[in-house]
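I opened this one to see how its helices pack and where a few odd residues sit. My notes follow, in the order I looked things up.

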Amino acid sequence: MGTASGQTTPAELALALLELHQPGNPVILPTVWDAWSARLATDAGFAALTVGSHPLADSIGKPDNEGMSFEDVLTRVAQITAAVDVPVSVDIESGYGLPAARLIEGLLSVGAVGLNIEDTVHSEGKRLRSAGEHAELVGALRSAADAAGVHVVVNARTDVFLRQDGDPAHTVDQAVARLTEAAAAGADVLYPVGRHDPETLRRLTTELPLPVNAIALPDQDDPASFAPLGVARISFGPFLQAALAGRAREILARWG
């Protein structure tokens, strides 16, 4: 990869990120929130990163669930991409009420080449988008990225496991249906967010048509436990920052 000047282009970074997603050989994308945490992860050898909305919001003193603005996110992401030379994906929550073209333009303007998009609309009473509505947004993001000439890696997320609406026995079916529709609309990765037992995770990776993102507790889970279940991508959500905060509290308590 690289241009004549040695710089890696956004299009090349995006394809590099996409190619890392291999079911059964998952890419680990440590969830970071600033340049410091991003450099910690790349210095440890990780090939790509994701920026989490929850830890990012905490780091600037604002609440998650779109308590910060898209401009807040872009300001921080620009600092991260300036500090590291790996592909960076960004959790953009439910889109901050902005059109897809603005979301793609903003992300590309700060050097990001991937995104998470969820189906809870925080600005509208936390309602759940219909499957068709979420797929339509995924499709609009894909079209905007295509128009920009960069295959931004779209990680379509559903919150149905977190929301616990309706019969739990039907939640897997509901998640599969929603994410399959998102896949058809142009997603690259599917994210049935939540902590799943091995049987459920195996069912999701088997029934879903694209690579699946799982969430891990970085200080507790066995890194080798995800590959046999067919997972293609692992991220940490708020849990890396939480683990570091726990350790920091222990250190500070010695002096308090």
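Before anything else, a cut-off I need: a residue is buried if its relative accessible area is under 20%. I also note that this is a predicted model.

**Entry 1: Gln241**

I wanted to know whether Gln241 counts as buried or exposed. Its relative accessibility is 15%, which is under 20%, so Gln241 counts as buried. I found Gln241 in helix 10, which covers residues 239-253. Then I asked which residues Gln241 is in contact with, leaving aside its neighbours within four places in sequence. The list is Trp33, Pro55, Asp58 and Ser59.

**Entry 2: helix 1**

Next I took helix 1, residues 10-19, and pulled out its buried residues: Leu13, Ala14, Ala16 and Leu17. Looking down the axis of helix 1, I see these buried residues fall within an arc of 160 degrees, so they line one face of the helix. What do the buried residues of helix 1 pack against? I get four strands: strand 1 (27-29), strand 4 (88-91), strand 5 (114-117) and strand 8 (153-158).

**Entry 3: helix 5**

I did the same for helix 5, residues 100-109. Here Ala100, Leu103, Ile104, Gly106 and Leu107 are buried. They cover an arc of only 165 degrees around the axis, which puts them on the same side of helix 5. For packing partners of these buried residues I noted helix 4, strand 4, strand 5 and helix 6 (131-148). I also checked what comes after the helix: Gly111 follows helix 5, and its phi is positive, near 90 degrees.

**Entry 4: helix 4 against helix 5**

Helix 4 turned up as a partner of the buried residues of helix 5, so I looked at that pair next. Helix 4 (residues 70-83) packs against helix 5 at an angle of about 25 degrees, and the axes are 10 Å apart. An angle under 35 degrees counts as roughly parallel, and helix 4 and helix 5 are therefore roughly parallel to each other. I have the crossing of helix 4 and helix 5 down as right-handed. Which residues make the contact? From helix 4 I listed Phe70, Glu71 and Leu74, and from helix 5 Arg102, Leu103, Gly106 and Leu107. Sorted by class, the residues of this contact are four nonpolar, one polar and two charged. Leu103, Gly106 and Leu107 had already come up among the buried residues of helix 5.

**Entry 5: helix 2 against helix 4**

Helix 4 also packs with helix 2 (residues 35-43), at an angle of about 35 degrees and with the axes 8 Å apart. The crossing of helix 2 and helix 4 is right-handed. On the helix 2 side I wrote down Ala35, Ala38 and Arg39, and on the helix 4 side Gln79, Ile80 and Ala83. By class I have four nonpolar residues, one polar and one charged in the contact of helix 2 with helix 4.

**Entry 6: positive phi outside glycine**

I went looking for residues other than glycine with a positive phi and noted Glu93, with phi near 50 degrees. Glu93 sits in the loop between strand 4 and helix 5. At 1% relative accessibility, Glu93 counts as buried.

I also noted Gln164, which is not a glycine but has a positive phi of about 55 degrees. Gln164 is in the loop between helix 7 (160-163) and helix 8 (171-185). Is Gln164 buried or exposed? At 66% relative accessibility, Gln164 counts as exposed.

**Entry 7: the loop between strand 10 and strand 11**

Last stop, two residues of one loop. Leu217 is in the loop between strand 10 (213-215) and strand 11 (233-235), and is buried with a relative accessible area of 14%. Leaving aside neighbours within four places in sequence, I found Leu217 in contact with Arg195 and Phe239. From Leu217 to Ser235 I get 8.8 Å, C-alpha to C-alpha, and 18 residues in sequence.

Gly230 lies in the loop between strand 10 and strand 11, and at 14% relative accessibility it counts as buried. How many residues apart in sequence are Gly230 and Gln22? They are 208 apart, with 8.7 Å between them in space, C-alpha to C-alpha. Not counting residues up to four places away in sequence, Gly230 touches Pro23, Gly24, Arg202 and Thr205.

Notes:
Residues numbered from 1 in each chain as written. Predicted model: local features only at pLDDT ≥ 70, side-chain atom pairs only at ≥ 80, totals over all residues. Heavy atoms only, no water. Buried < 20%, exposed > 50% of the residue type's maximum accessible area, 1.4 Å probe, protein only. Arc of directions from axis to C-beta. Contact = heavy atoms within 4.5 Å. Axes fitted to C-alpha atoms, helices over the stretch in contact; angles between N-to-C directions. Parallel < 35°, antiparallel > 145°, perpendicular 65-115°, else oblique. Left-handed = near helix turned anticlockwise from the far one by under 90°. Nonpolar A, V, L, I, M, F, W, Y, C, P; charged D, E, K, R; others polar.
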